[in-house]
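Dear colleague,

Please find the structure we discussed handed over below. My findings follow directly after it, and I would be grateful if you read them with the structure open.

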Amino acid sequence: MLCTNYRPISVLPALSKIFEKCMFNQLMLYISFHDVFAPNQYGLRSGKNTTDCLVDLLEQITKSIDNGEFAITLFLDLSKAFDTVNHSILLSKLSYYGIKGLENLWFKSYLQQRRQTVYVNGVFSDIQVIELGVPQGSVLGPILFLIYINDFSNASSYFSTRLFADDTSLTVCGVRP
């Protein structure tokens, strides 16, 4: 067992979880109304799920094969992806999508200056400041991660991209040589 395989889980008071759920609902309404998420993001979206993602992928591959073309798909699963979120970049992306001013400052306060400690065999570790990532076990963590990676599919026009939270598929089709 490697200690690096474990990640902190936020133990939050009930009132905090209720407030987070309210913020989550408001953020989801905003994202839905402004159509923020990329159409190829299947995670946390009403009316989209893993089956839709697979059907979309299989349709592209089948069409390619029917046309005598090749189809190659790479499947990526980002290791500890939720721990890699850079707070400054996420806050910039929230601002880009229109979440500015007081709301952006609230998210800044929510993300920054979090601390963690580990309790093992009756002993607490030193308190460490968490400088990256979204809180695991929180209501807002997954949606903030999706906002963080929302523009990932814009990185290349060579691949068609499908995203489901931290799982990604990259597909390229073409004429056989």
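Arg-162 stands opposite Ser-169 in strand E7. Please bear in mind that the model is a predicted one. Strand E7 covers residues 167–175, and its antiparallel pairing with E6 runs over 5 bridges.

These two strands belong to an open sheet of 3 strands, ordered E1-E7-E6 and paired in the antiparallel sense. Strand E1 (69–77) and strand E6 (160–164) form the edges, each pairing on one side only. From one strand to the next, the twist averages 15°. Helix H2, made up of residues 50–66, lies across E1, E6 and E7 and runs at about 155° to E1.

The loop between E6 and E7 contains Asp-166. Is Asp-166 buried or exposed? Its relative accessible area is 18%, and because buried means under 20%, Asp-166 counts as buried. Leaving aside residues up to four places away in sequence, Asp-166 touches Leu-76, Asp-77, Leu-78, Ala-81, Phe-82 and Phe-145.

I turn next to helix H4, which spans residues 101–111. Which residues of H4 are buried? They are Asn-104, Phe-107, Tyr-110 and Leu-111. These four cover an arc of only 115° around the axis, and therefore sit on the same side of H4. The background is that an α-helix has 3.6 residues a turn, so residues three or four places apart point the same way. Leu-102, Leu-105 and Ser-109 are exposed, on the face of H4 turned away from its buried side.

What do the buried residues of H4 pack against? Their partners are helix H1 (14–33), helix H3 (87–96), strand E2 (114–116) and helix H5 (141–149). After H4 comes Gln-113, which has a positive phi, near 65°.

H1 and H4 also take part in the second largest pocket, each supplying at least two residues of its lining. The volume of this pocket is about 180 Å³. Its lining consists of Met-23, Gln-26, Leu-27, Tyr-30, Gly-98, Ile-99, Lys-100, Glu-103 and Phe-107. H1 gives the most to this lining, with 4 residues. Phe-107 thus appears twice in this account: Phe-107 is one of the buried residues of H4, and Phe-107 is also among the residues lining the second largest pocket.

With kind regards

Definitions and conventions:
Residues are numbered from 1 along each chain as its sequence is written. This is a predicted model: local features need pLDDT of at least 70, side-chain atom pairs count only at pLDDT 80 or more; totals for chains, interfaces and linings use all residues. Side-chain values use heavy atoms; hydrogens and water are left out. Buried means under 20% relative accessible area, exposed over 50%, partly exposed in between (1.4 Å probe, protein chains only). The arc is that of the directions from the helix axis to the C-beta atoms. Contact means heavy atoms within 4.5 Å. Two strands pair if DSSP finds at least two bridges between them. Axes are lines fitted to C-alpha atoms, for helices over the stretch in contact, and angles run from 0 to 180 degrees between N-to-C directions. On a 1 Å grid over the protein atoms alone, a cavity is a set of points where a 1.4 Å probe fits but cannot get out, and a pocket is an open set with protein on both sides within 12 Å along at least five of seven lines; lining residues have an atom within 4 Å of a point. Grid points are joined across faces, edges and corners, and a volume is the space filled by probe spheres set on the points.
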